[in-house]
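Student: Could we go through this structure together, asking at each step what justifies the words we use for it?

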Amino acid sequence: MPDRRDFLKASAAGLLGASMLRPIMGQASGAPFKLAASEGEVVFGGEQENATRVMYYNQSVPGPVIRIPQGRESIIQFHNSLDEPSSVHWHGLRIDNAMDGVPGMTQSPVMPGEQFEYRLRPPDAGTYWYHTHMRSWAQLALGLAGVLIVEEDNPPQVDRDLVFAIDDWRLDRKMQFDTNSLGSMHDWSHGGRLGNYITVNGAAEPVFEVARGERIRLRLVNIANARVMHMLFNEPAISVVAIDGQPVEPFAPESGRIRLAPGQRADLIIDMSADPGSRSAIEVVIGEYAYEIATFVYGQQAKREQLLETPIRLPDNPVNQTVLPSEFRHVPLRMEGGAMGGMRSATFEGREMDIRELVRNGKVWAFNGIVGMPQEPLFRVERGTAISIDVHNDNGWPHAMHIHGHHFIHDRNSGMWRDTALFQRGERGSMRFIADNPGKWLIHCHMVEHMAGGMVTWFEVS
Ligand code: C2O
Ligand code: CU
C-alpha cells in the first residue's frame, strides 16, 4: 500500500512541482532525433527534496515527448550511455519488425557506448510511447520511458495539446529509488512492482493552469511497471476520443472514471467548464483512498464564455478501419501461475520443472504450461491470416496483455482497436486481429515483472 505520508509530502511540494514542468519536445521529422539513455538524478517533488537516482532518456524523466509524422519515415538515433545493454521499443507502432527493439529477437542488444538507428514509418496517428525492452523490470522501473506522438495530417482544433505520462515509483523516506526490492520474487508472483509515489510528467502533483472555456486534448499514458491506474476526473465536459492511439466514437467516461492498465493510453477532449479561480483535481483511486496526482487551476481570465460544443471525432487510421472476417484461426492461451495460483510445474528451457525449481530460476508464470520464451512460436502463420487468441486468465491476478506490431479487438463487439488489454482474473476473452506485419513479434504481460517471471511468448508472420 502507498504510504499516506509520502503522498502528503508530495502534496506540499505540488506548486514547486509545477515550476519544474519543462515540456521537452522533440521534432523528429527531418534531421535524425537523438535519444540517449544514461544514469543521473532528478528531483520529483520540489527544491527542498532530495534528488533521486534514475535511468533516463535525454536527462529527463520521463524522456522527451517525441512527435513524428504519420506515414513518413523518421530517424531516431539511440545512443546507449548506460553501463549495461539496452534497446528501445516503440509501443503500439505497426512498424518494420527490425525496428521493434526486442533484443535477442529483432536486434542485438545495444551495448554500452554503442548506437542503433531506428527508422520509424508509422501508418497510424495517435498517442504511443517508447521504453526500454531490456531487463524492463529494472530499467523501466528506473525511468527509461517516454511518450511518442504520431501526428495527424489534419489534427483536430484544440487550444492545447497536453500529455500526462503517469508513473509509479517505489521510493524510500529519503526519496531514494528502492533498489533492494528490484527482482523481488514476492512482487513478481503477486501484482508486480507497485510503488508508493505517483508522478505526472516526472513531477509530484503538478499544477496546470487552465482557463474556463478552453478546449484541451489530454493524452494519458500509463508508463508504470505494474500499477493499473484508476483515474478520477472532476471535470464534467470530458470525452474519450482515442484508446491506445486509435480513434473511437467519442464517449463520456462514466462518472469521470478512466482505467488505464500499464502500457495503455487514452486521448481525452476536455472543455474546461469551472469558474475562474477554482480548481479541480485529477485523482488515482487506490483501495479506499483517492490521491491527487495533478490539479487544474483556473486562471481569472476565461478563454471563452460559451463552451465549445462541437464534438471532436479523430480522423480514422488504417488500422481501425480493418474489417475482421467471421472465421479465425483460434490459438488458445492459458495464463497460469503466480501466488495462490496453484501451478505445480511447467516447462522452462525445454525441461519440466516443479514450482520450487522454477522459483529458484526466478520463474513463476506460464502460458500454456511453458515458462518464458519458447524455442517454437505460439503460432506461425502466413501474412493476412485472421487470428483469435483465446485467452483464459486461469490465476488469481489481472494481466495487461500486449501484442507487438499489431492492434487487436479485445472481444467481439467492443469496436476498439487496442495494443494492450486487461484480462481480469478468471476472465475468458479473445484478442482478434489480422496478422499482417511480417516478422517475429512478442506477446506478453505488460506488468513487466510478470513478463520477466515467465509471461512472454512470440509468433511469426511470414
Ligand atoms: Cu510496451 Cu513488449 O512492450
Ligand atoms: Cu501479468
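**Reasoning from values to terms**

Tutor: Let us start with the metal: in this predicted model, the copper ion (ligand 2) is coordinated by His-399 through ND1, Cys-445 through SG and His-450 through ND1, at 2.0 to 2.1 Å.

Student: What makes these atoms donors of the copper ion (ligand 2)?

Tutor: Donors are N, O and S atoms within 2.8 Å of the metal, and the atoms of His-399, Cys-445 and His-450 are at 2.0 to 2.1 Å, so they count as donors. Along the sequence, the spacing of the donor residues is H-x45-C-x4-H.

Student: Why can one say that His-399 and His-450 tie parts together?

Tutor: His-399 belongs to strand β28 (residues 399–403), while His-450 belongs to helix α6 (residues 448–452), so the pair links parts that are 51 residues apart in sequence.

Student: How do you know whether His-399 and His-450 are buried or exposed?

Tutor: Buried means under 20% relative accessible area; His-399 has 0% relative accessibility and therefore counts as buried, and His-450, at 0%, counts as buried too.

Student: Which term fits Asn-196, buried or exposed?

Tutor: Asn-196, in the loop between α4 (185–189) and β11 (197–200), has 12% relative accessibility, and because the limit is under 20%, it counts as buried.

Student: What makes the link between Asn-196 and Leu-171 a polar contact?

Tutor: The side chain of Asn-196 reaches the backbone oxygen of Leu-171 at 2.9 Å, and a polar contact needs a pair of N or O atoms within 3.5 Å, so the distance meets that cut-off.

Student: How do you know that strands β33 and β34 pair?

Tutor: Two strands pair if at least two bridges are found between them, and β33 (residues 439–445) and β34 (residues 456–461) have six bridges, in the antiparallel sense. One of the bridge partners in β34 is Glu-460, which faces Lys-440 in this pairing.

Student: Why are β26 and β31 called edge strands?

Tutor: The open sheet has five strands in the order β26-β34-β33-β28-β31, with mixed pairing, and β26 (379–381) and β31 (420–423) each pair on one side only. Neighbouring strands of this sheet are turned by 20 degrees against each other on average, direction ignored.

Student: What does it mean that domain 1 and domain 3 are in contact?

Tutor: Contact means heavy atoms within 4.5 Å, and 19 residues of domain 1 (33–152) are in contact with 22 residues of domain 3 (322–461), while the C-alpha centres of these domains lie 24 Å apart.

Key:
Residues are numbered from 1 along each chain as its sequence is written. Chains are lettered from A and ligands numbered from 1 in the order in which they are written. This is a predicted model: local features need pLDDT of at least 70, side-chain atom pairs count only at pLDDT 80 or more; totals for chains, interfaces and linings use all residues. Side-chain values use heavy atoms; hydrogens and water are left out. Helices (H or I, at least four residues) and strands (E, at least two) are DSSP runs, numbered from the N terminus. Axes are lines fitted to C-alpha atoms, for helices over the stretch in contact, and angles run from 0 to 180 degrees between N-to-C directions. Donors are N, O and S atoms within 2.8 Å of the metal (3.2 Å for Na, K and Ca); water is not among the atoms, so sites may look incomplete. Buried means under 20% relative accessible area, exposed over 50%, partly exposed in between (1.4 Å probe, protein chains only). A polar contact is a pair of N or O atoms within 3.5 Å; within protein, one must be able to donate a hydrogen and the other to accept it, and residues adjacent in sequence count only if both atoms are side-chain atoms. Domain bounds come from an automatic or database domain assignment.
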